[in-house]
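This briefing is meant for reading beside the sequence and the model. Please keep both in view while working through the points.

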Amino acid sequence: MAVAGLGVVALVFGQLIRASGAKPIPEVAVEAARAAGCGDVQTPESDPARTHLSSGQTFAYAHEPATAGPHDPAPLPSDPHVYTSPVPETNAVHNLEHAYVLIYYRADGPTALSQDDVQALASLANSESKVIMAPYPSLPGGISLALVAWNKLWSCPESASPQQARTIASAFIDAYRGTANAPEAGAP
């Protein structure tokens, strides 16, 4: 009985360590973001409600892409890490609640992210846990890459080079993935 109790304590302690707060973005990534014309990491005013919608129900989020709010009771499967078509946003918000990072990109049009950028980011997403990448056709004008964590958003134009995009995305992932920035960081 005592051994089982110690195991539970160790598991809880391990979850607390893993689910620490967000880390600062390294200066090298901030410089890469500035050079690429990205904005600062934003904390959008959003609906912090974490209520579950009915399965398949849509929701009109205050910001695109959504960073928090009511969501579908089922998260997106994390395999594949890279989706080739847009994903249901209400499911994606559930992943954010579980401390995932989403990499959204503009796939079509004159301000589409370059194929080299998409490949560099797909390689990164496939090598990371709790990271999902998908096209997002309704990114706001001038935005071709959006990195999203629970109530955090970092946006960049199409001018980011593959190396800049990967540096920026890696830093955002390291800063927010699996952290207590999200309300259910310990959830799978």
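What follows goes from the overall make-up to the sheet, the disulfide and the aromatic pairs.

The model is predicted, with a mean pLDDT of 89 for the protein and 88% of its residues at 70 or more. The protein has 5 helices and 4 strands, and read along the sequence these follow the pattern α-α-α-β-α-β-β-β-α. The 4 strands form an open sheet of mixed pairing, and 1 disulfide is present in the structure.

**Confidence and overall make-up**

- Over residues 1–18 the pLDDT stays under 50, and for this stretch the model has 2 contacts beyond four places in sequence. Where pLDDT is low, the predicted coordinates should not be read in detail.
- Of the 188 residues in the protein, 46% are buried.
- When contacts between residues at least 6 apart in sequence are considered, 71% of them join residues at least 24 apart.

**The sheet and the helix across it**

- The strands of the open sheet are arranged in the order 2-1-3-4, and the edge positions belong to strand 2 (131–135) and strand 4 (152–156), each of which pairs on one side only. Neighbouring strands of this sheet are turned by 15° against each other on average, direction ignored.
- Strands of a sheet pair through backbone hydrogen bonds, either parallel or antiparallel. Strand 1 and strand 2 run parallel and are joined by 5 bridges, with Leu 102 standing opposite Ile 132 of strand 2.
- Strand 3 (residues 145–149) pairs with strand 4 in the antiparallel sense, also over 5 bridges. Within this pairing, Leu 145 stands opposite Cys 156, while Leu 147 has Trp 154 as its bridge partner.
- The hairpin of strand 3 and strand 4 has 2 residues between the strands, and Asn 151 takes a positive phi near 60° there.
- Helix 3 (residues 89–97) lies across strand 1 (101–105), strand 2 and strand 3, and it runs at about 140° to strand 1.

**Burial of strand 1 and strand 4**

- Strand 1 is mostly covered, with 5 of its 5 residues buried. Val 101, Ile 103 and Tyr 105 lie on one side of strand 1, Leu 102 and Tyr 104 lie on the other, and both faces are covered.
- Which way do the residues of strand 4 point? Lys 152, Trp 154 and Cys 156 point one way, whereas Leu 153 and Ser 155 point the other way, and all are buried.
- Because 5 of the 5 residues of strand 4 are buried, this strand is largely enclosed by the rest of the structure, although strand 4 is an edge strand that pairs on one side only.

**The disulfide**

- A disulfide is a covalent bond between the sulfur atoms of two cysteines. In this model, such a bond joins Cys 38 to Cys 156, with an S to S distance of 2.0 Å, and the link is right-handed, with 105° about the S-S bond.
- Where do the two cysteines of this pair lie in the chain? Cys 38 is in the loop between helix 2 (27–36) and helix 3, and Cys 156 is in strand 4, so that the pair links distant parts of the chain, 118 residues apart.
- Both Cys 38 and Cys 156 are buried.

**Aromatic pairs**

- A pair of aromatic rings is described by the distance of the centres and the angle of the planes. A search of the whole structure finds 4 aromatic pairs, one of which is the edge-to-face pair of Phe 59 and Tyr 61, at 4.9 Å centre to centre and with 65° between the planes.
- The two residues of that pair fall in separate burial classes: Phe 59 is partly exposed, with a relative accessible area of 31%, whereas Tyr 61 is buried, with a relative accessible area of 14%.
- Trp 154 and Phe 172 form another of the pairs, which is tilted, at 6.3 Å centre to centre and with 40° between the planes. Trp 154 lies in strand 4 and Phe 172 in helix 5 (residues 162–176), so this pair ties together parts that are 18 residues apart in sequence.
- Trp 154 and Phe 172 are both buried, and ring pairs link these two residues with Tyr 176 into a cluster.

Key:
Residues numbered from 1 in each chain as written. Predicted model: local features only at pLDDT ≥ 70, side-chain atom pairs only at ≥ 80, totals over all residues. Heavy atoms only, no water. Pairing = 2+ DSSP bridges. Axes fitted to C-alpha atoms, helices over the stretch in contact; angles between N-to-C directions. Contact = heavy atoms within 4.5 Å. Phe/Tyr/Trp six-rings, centres within 6.5 Å; stacked < 30°, edge-to-face > 60°. Buried < 20%, exposed > 50% of the residue type's maximum accessible area, 1.4 Å probe, protein only. Disulfide = S-S within 2.5 Å. pLDDT = per-residue confidence, 0-100.
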